[in-house]
Amino acid sequence: MKIGIICEGRLGGEDAQVFEHFARRIAPHAAVKAFPQGTKPELIAKAGDVAASLFATGYERVLIMWDIMPRWGRPDGELQDTQDLQVSLGNAGVAAHPCLFLIAIHKELEAWLLADGKALSAVLSRPAHPVTIANTNNADTVANPKKRLAKLFAQHKVPFGVQPAQGTYQPKLAAIRIAENIPAHFGQLGKLASFKKFGRSLTQAC
């Protein structure tokens with residue numbers, strides 16, 4: 001089975017890396033590929049045409065994933081984003097496709113990375129500076145997950161070899177490291193509503 005993930009960001013960016021990593025863990029027998037579309041406004045504008053193209057070229061399941069924040073000057077909330085995506089999908093003739101899934105992350109990708117303390121502890125620790133980070137319960141309600149993650153990196157000064165500069169959270173490098181250290185059954189991350197929806201979208205019949 002071929003699964004396409006339409007998301008924000010750029011090729012090789014943190015969104016594509018993390019979504020592909022988790023999707024392959026959840027659906028190990030599928031061929032998974034992410035298709036980043038830039039900013040959220042760009043994603044919304046292109047989503048319909050990209051989804052239609054993926055279905056036409058043999059992708060059997062397509063996920064569209066985006067962060068609720070930032071808003072890019074838009075009216076607030078998942079409902080508005082979904083309505084705008086539906087316009088794009090409708091114009092491309094795929095709005096009613098049974099194997100097309102929309103997944104909004106509250107508030108942004110970093111909420112997934114904050115959830116499990118063991119994964120963060122593994123990435124932030126080094127032999128001379130072991131770190132123990134607690135789970136973040138309800139990480140999808142944290143107002144600014146990226147800012148909180150950056151604060152943890154600054155506090156514990158990530159060693160060279162993980163980041164180019166100690167204490168600097170650089171998403172393209174750090175996000176996948178955290179994702180790779182999430183426990184086999186996804187730990188605290190597996191409790192987040194958006195991650196549960198992600199898992200169902202990869203596995204449920206359609």
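This dialogue walks through the fold of a predicted model, from the whole chain down to one strand and one residue.

Trainee: Which elements make up the protein chain, and in what order do they run from the N terminus?

Mentor: One begins by listing helices and strands in sequence order. Here the protein chain has eight helices and four strands, and from the N terminus on they run β-α-β-α-β-α-β-α-α-α-α-α.

Trainee: What radius of gyration does the protein chain have, and how does one read the value?

Mentor: The value is set against the one expected for a compact globule of equal length, which for 206 residues lies near 17 Å; the protein chain has 17 Å, so the two agree. Of the 206 residues, 51% count as buried.

Trainee: Is strand β1 largely enclosed or open?

Mentor: For a strand, one looks at how many of its residues fall under 20% relative accessible area, the cut-off for buried. In β1, residues 2-7, five of the six residues are buried, so the strand is largely enclosed by the rest of the structure.

Trainee: Which strands are joined to β1?

Mentor: Strand partners are read from their bridges. Six bridges join β1 to the parallel strand β2, residues 31-36, where I5 stands opposite A34, while four bridges join β1 to β3, residues 61-67, also in parallel, with R61 as the bridge partner of I3. Together with helix α1, residues 14-26, β1 and β2 make a right-handed β-α-β unit.

Trainee: What does S201 touch?

Mentor: Setting aside residues up to four places away in sequence, S201 touches R61, L63, F101 and I103. S201 lies in helix α8, residues 193-203, and is buried, with a relative accessible area of 2%.

Terms used:
Residues are numbered from 1 along each chain as its sequence is written. This is a predicted model: local features need pLDDT of at least 70, side-chain atom pairs count only at pLDDT 80 or more; totals for chains, interfaces and linings use all residues. Side-chain values use heavy atoms; hydrogens and water are left out. Buried means under 20% relative accessible area, exposed over 50%, partly exposed in between (1.4 Å probe, protein chains only). Helices (H or I, at least four residues) and strands (E, at least two) are DSSP runs, numbered from the N terminus. Two strands pair if DSSP finds at least two bridges between them. A crossover is right-handed if, with the strands pointing away from the viewer, the path from the first strand over the helix to the second runs clockwise. Contact means heavy atoms within 4.5 Å. The radius of gyration is taken over C-alpha atoms; the globule rule is 2.2 Å times the number of residues to the power 0.38.
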